[in-house]
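Trainee: Got a minute to go through this one with me? I'd like to start with a single residue and work outwards.

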Amino acid sequence: MSQNPQNIQSVLNETRSFVPSLKATSSVPDMATYEALCAEAVRDEQGFWARLGRENLDWHKPFTQTLDESNAPFYRWYGDGLLNASYNCLDRHVLAGRGDVTAIISESDSGVVTRVTYAELLARVCQMANVLKSLGVQKSDRVIIYMPMSIEGIVAMQACARIGATHSVVFGGFSAKAIHERVIDAGAVLIITADAQTRGGKQLGLKLVVDEALALGGCDTVRHVLVNQRTEQGCDMVVGRDLALEPLLAQQSTDCVPEWVDAEHPLFVLYTSGSTGTPKGVQHSTGGYLMWATQTMKWSFDITAQDVFWCTADIGWITGHTYVCYGPLSCGATQLVFEGIPTYPDASRFWQMIERHRCSIFYTAPTAIRSLIKAADMDEQVHPKKYDLSSLRILGTVGEPINPEAWMWYHKQVGGERCPIMDTFWQTETGGHVITPLPAATPLTPGSCTLPLPGIQAAIVDETGEDVENGQGGLLVIKRPWPSMIRTIWNNPERFKAGYYPEELGGRYYLAGDGAVRHSDTTYFQIMGRIDDVLNVSGHRLGTMEIESALVAHPMVAEAAVVGKPDEVSGEAICAFVVLKSAIPEGEAAVKLANELREWVKHEIGPIAKPKDIRFGDNLPKTRSGKIMRRLLRSIAKDEAITQDTSTLENPAILDQLRTSVV
């Protein structure tokens, strides 16, 4: 993948650097230690990963073989070892005398706080596991979980792991069609859901969506639907199929012997969007995945027994799997779990919760940060400076690259210029962090995820698989396997090989699907956006993230998203959707501002990057988890009718506004 040198340089010209002030307690204390770990991983690959496997997990039967690559790219890690994920997350802490330590602090949308210790959580998981067994769920069966962001959702995931069932969590904002597709592809035997969830003060039915999904037909494998009753009014129940969860739990013992599974046993299948539009069931193992979830909690977040860790992600996403359900619990940490949205009852909710619960590690999405910047600019009462955030010691971002100006606001206004920011790059397929700073070691550059973790042999190559020089753009790959990597696509191994180990690259490298570039001086990685989010304008390739960062750097812009649309002259034209920090101008004022923004981008990147269309909106179309739905923006830019499923949209009315606001 070639890039315009002028445009690459605009991404690499960030000169601000911040030396870590954090003193590590259990992590990597300095760059010398980081470099020694990297050298060990290259010098003795098998020994390095074997050591981490033994240090991070308790094994029922220790493994004797670390990596089996005889059937590459279907790699096997720790394959002859036996363990259980739930045991590692719960039992081992209770057996070590830490059962009275708080495992989860849960705060509901309305502010109700619930706390559970490790001993209490273990008892609840065992009861849930016994319910599943009483309904005939066996090892290797697949279970769909369609639950709110709650303790009950985590209990459901852990209970599946305890009996060796493979869970597939569906985000609570997804549609009936999405559930239907996943039930059929996974061959699920049971669905665990709730009557409703609450977000932003609104009650949203979940069981009703499950009913709609099963009514679409073809879901004959589903024997029962377990329903967690959370509201007084409840929901309709189908006789013979639907079962209220609470009465069943009350009948069960709080003891359940864990099912010991081999390390390659599928812990979960998590469906993610594919370029073809059909969801891909990303299959993860038990041993390698859990090892990396545990190790990255230690490396990336320097987790200690004194920390209160808060990852704001929903369990319906990979971040909620690795850094809510599994990683923090495997480390024996205390974590905060939140059902709701960051702007309800107002945009100070995050800051209030950090102050109230003395949160020390905060991990959230750049989209959330940018929306809170806008809110703070418009209302000083919701600004983070109004709250005591002194408990914070580490910040993190996840889900997309963070633009430098949002990074600086986060650093100054939330972290008080004392908290290192872990700008983490990883994917559903990688299972955990692969490129990220380390809080006590890595000098930080705003907008850069910096360097690969030890053992992750990340590189940037051209379309033939050859390395490119630093400062030149290319394809991000990982040259050697690592324990938490995707094992296959459920029921579709050929799609796995074609998508992640393509023949064009010789079938030997994992293709991340992102364009990237490395800084010539620091060798830091800069993610340029998905390969399919790279625009080709008059033969020049431009990363959408690059243009978005330039727009957001303008003092009047709170948020921006860029897509391409066909153009007769340039092949592809740039369409920018812009959210301002103030009211949207009208008439000539709108035209004037749009032209000012075009000149701004020209100055920041170059004339080729000037957006042809600029559309102002009060917001961007986002899922209820805060993810921008770029596929809808592409349809709007092309003046196409929107035929895609919009049921996950938080703000559907924004589509009409953006469609008519072109300047």
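Trainee: First up, is Glu548 buried or exposed?
Mentor: Keep in mind that this is a predicted model. Glu548 counts as buried, at 6% relative accessibility.

Trainee: And which residue does the side chain of Glu548 meet in a salt bridge?
Mentor: That would be Arg630, with N to O at 2.6 Å. Glu548 sits in helix H16 (residues 544–552) and Arg630 in helix H18 (residues 630–637), so the salt bridge ties together parts that are 82 residues apart in sequence.

Trainee: Buried or exposed for Arg630?
Mentor: Buried, with a relative accessibility of 17%. The cut-off for buried is under 20%, so Arg630 at 17% falls within it.

Trainee: What about the rest of H16, how many of its residues are buried?
Mentor: Nine of its nine, so the helix is mostly covered by that count. Among the buried ones are Thr544, Glu546, Ser549 and Leu551, along with Glu548 itself. Ala550 is on that list too, and Ala550 also belongs to a nonpolar core, which I'll come to.

Trainee: Let's do cores now, then. How many residues are in the largest nonpolar one?
Mentor: It has 169 residues. Those with the most contacts inside it are Leu121, Leu132, Ile192, Leu226, Tyr326, Trp351 and Phe362. A second, separate core has 23 residues, and that's where Ala550 comes in, together with Val562, Ala576 and Phe616 among others.

Trainee: Pick Ile192. Which residues is it in contact with, leaving aside neighbours within four places in sequence?
Mentor: Met128, Leu132, Val143, Ile144, Ile145, Tyr146, Met147, Ala156 and Leu226. Two of those names, Leu132 and Leu226, are also on the most-contacts list for the core.

Trainee: Where is Val137 found?
Mentor: In the loop between helix H5 (118–134) and strand E6 (142–146). Val137 is buried, with a relative accessible area of 5%. Beyond four places in sequence, its contacts include Leu132, Val143, Ile163 and Arg223.

Trainee: And how far apart in space are Val137 and Ala39?
Mentor: They are 45 Å apart, C-alpha to C-alpha, with their positions 98 residues apart in sequence.

Trainee: Is there a record for the stretch around there? What does UniProt list for residues 34–89?
Mentor: An unreviewed UniProt entry lists them as "domain: Acetyl-coenzyme A synthetase N-terminal". In the model, residues 34–89 are 48% helix and 11% strand, and the end C-alpha atoms are 27 Å apart.

Trainee: Back to charges. How many salt bridges does the count come to?
Mentor: It comes to 35. One of them pairs Arg230 with Glu339, at 3.0 Å from N to O. Arg230 is in the loop between strands E11 (224–228) and E12 (242–244), while Glu339 is in the loop between strand E17 (334–338) and helix H12 (349–357), so this one links distant parts of the chain, 109 residues apart.

Trainee: Which of those two is buried, and which is partly exposed?
Mentor: Glu339 is buried, with a relative accessible area of 6%, whereas Arg230 is partly exposed at 31%.

Trainee: What about Glu380, which residue does it form a salt bridge with?
Mentor: With Lys385, the closest N and O atoms being 3.4 Å apart. Glu380 counts as partly exposed at 46%, and Lys385 is exposed at 52%.

Trainee: Which residues are linked in a network of salt bridges?
Mentor: Lys207, Asp211, Arg241 and Asp242.

Key
Residues numbered from 1 in each chain as written. Predicted model: local features only at pLDDT ≥ 70, side-chain atom pairs only at ≥ 80, totals over all residues. Heavy atoms only, no water. Core = buried A, V, L, I, M, F, W, Y, C linked by side-chain atoms within 4.5 Å. Buried < 20%, exposed > 50% of the residue type's maximum accessible area, 1.4 Å probe, protein only. Contact = heavy atoms within 4.5 Å. Salt bridge = Lys/Arg side-chain N within 4 Å of Asp/Glu carboxyl O. Helix = DSSP H or I, 4+ residues; strand = E, 2+ residues; numbered from the N terminus. UniProt positions renumbered as here; feature names shortened; annotations may be inferred.
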